[in-house]
Amino acid sequence: MSGFRQWLRQIFPAACLTALVVALLLAGWQGTRAALDHRTNAAIAQLVAGRDVPVNDNAPGALQLARLHFLTIRDRLDEAQPIANRLAIGDDAQLAVAALIDLANARLRAALDELASNNIDPAIPLVRLAKEGYRRALAIDPGLWDAKYNLDITMRLVRDFPQIEVSGEELPPEVTKRLWTDLPGLPRGLP
C-alpha cells in the first residue's frame with residue numbers, strides 16, 4: 001500500500017501540471033475563437049448597417065453570405081457571383097442554398113425591373129441565370145418551396161424549349177419561325 005502512495009505522490013504533481021497546461025490551452029483556444037467570432041459578428045453588423053466591408057476568400061461562411069447579400073441588394077451581381085460560387089461548393093449546404101437563392105432573387109428582381117422598362121433583351125439572360133440559380137439550390141435541397149415558386153415564375157417568363165439537333169449549318173424554316181415568344185407576359189399576382 002505504501003508503494004501505491006509513493007507512486008501517487010510522484011505522479012500527482014506531474015498530472016496536475018499536465019491538467020493545468022491542457023486547461024490553459026483550451027481556454028486560450030476558446031478565447032481566440034470568441035475573439036474571431038466577435039470580429040466576424042462586428043463585420044456582419046457593419047454590412048447590415050450598409051457599410052461595405054472587404055471580405056477575403058477564407059472568411060467564415062456567414063460573413064461571406066452577408067457580403068453577398070450586401071452586394072446583391074445594390075445590384076453588384078458581378079462581384080457577388082464569385083462569392084456565391086465559393087459558398088455553393090463549400091461544406092455548408094444551408095449557406096450554399098442561401099447564397100444561390102439570394103443571387104437568383106437579385107437577378108429576377110433585375111430582370112423584372114428591365115421588363116417594367118420594356119427592355120426585353122437584357123431581361124432574358126437575367127431570367128435564365130436566375131433559373132439556373134434556383135435549379136442549383138433545388139438540387140441541394142429539393143424541399144425549398146420559395147425556390148420552387150420563384151423557379152415557376154422564371155419558367156413562365158422565359159420558357160425552356162427542347163433543343164433541336166441540326167446536323168447541317170442551315171436551320172429548317174419551321175425552327176426559325178417561333179410560335180411562342182420567350183416572354184409571353186408578366187405573371188401578375190398569385191396563380
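On a 1 Å grid over the protein atoms alone, a pocket is an open set of points with protein on both sides within 12 Å along at least five of seven lines, and its lining residues have an atom within 4 Å of a point. The model toured here is predicted: local features need pLDDT of at least 70, side-chain atom pairs count only at pLDDT 80 or more, and totals for chains, interfaces and linings use all residues. Residues are numbered from 1 along each chain as its sequence is written, and side-chain values use heavy atoms, with hydrogens and water left out.

**Whole chain**

Display the chain as a cartoon. It has 7 helices and 0 strands, where helices (H or I, at least four residues) and strands (E, at least two) are DSSP runs numbered from the N terminus. Along the sequence the pattern reads α-α-α-α-α-α-α. Of the 191 residues, 29% count as buried; buried means under 20% relative accessible area, exposed over 50% and partly exposed in between, with a 1.4 Å probe and protein chains only.

**The second largest pocket**

Select Leu36, Arg39, Thr40, Ala43, Val53, Pro54, Val55, Asn56, Ala59, Pro60 and Leu63, which line the second largest pocket. The space in this pocket is about 190 Å³, a volume being the space filled by probe spheres set on grid points that are joined across faces, edges and corners. Which helix supplies the largest share of the lining? Helix H1 (residues 2-48) does, with 4 residues. By character, the lining comprises 8 nonpolar, 2 polar and 1 charged residues. In this count Ala, Val, Leu, Ile, Met, Phe, Trp, Tyr, Cys and Pro are nonpolar, Asp, Glu, Lys and Arg are charged, and the others, Gly among them, are polar.

**A nonpolar patch**

Next, select Leu17, Leu20, Val21, Leu24 and Leu25. Together they form a nonpolar patch on the surface with about 520 Å² of accessible area, computed by the Shrake-Rupley method with a 1.4 Å probe. Patch residues have over 30% relative accessible area and no salt bridge; nonpolar side chains (Val, Leu, Ile, Met, Phe, Trp, Tyr) are joined within 5 Å, and like charges within 9 Å. Leucine 24 lies in helix H1 and is exposed, at a relative accessible area of 57%.

**Salt bridges**

A salt bridge is a side-chain nitrogen of Lys or Arg within 4 Å of a carboxyl oxygen of Asp or Glu. The count by this rule is 5. Select aspartate 52 and arginine 76, whose closest N and O atoms are 3.5 Å apart in a salt bridge. Aspartate 52 is in the loop between H1 and helix H2 (61-72) and arginine 76 in the loop between H2 and helix H3 (77-88), so the pair ties together parts that are 24 residues apart in sequence. Aspartate 52 is partly exposed at 39%, as is arginine 76 at 27% relative accessibility.

Add glutamate 79, which forms a salt bridge with arginine 76 at 2.9 Å between the closest N and O atoms. Adding Arg67 completes the view: Asp52, Arg67, Arg76 and Glu79 are linked in a network of salt bridges.

Move to arginine 156 and aspartate 152, a salt bridge with its closest N and O atoms 3.1 Å apart. These residues are separated by about one helical turn, because they are 4 residues apart in helix H6 (residues 145-157).

**Final stop**

Select aspartate 121 in helix H5 (residues 120-140). Is aspartate 121 buried or exposed? Its relative accessible area is 64%, so it counts as exposed. From aspartate 121 to alanine 111, 10 residues away in sequence, the C-alpha to C-alpha distance is 9.8 Å.

Technical notes: On a 1 Å grid over the protein atoms alone, a cavity is a set of points where a 1.4 Å probe fits but cannot get out, and a pocket is an open set with protein on both sides within 12 Å along at least five of seven lines; lining residues have an atom within 4 Å of a point.
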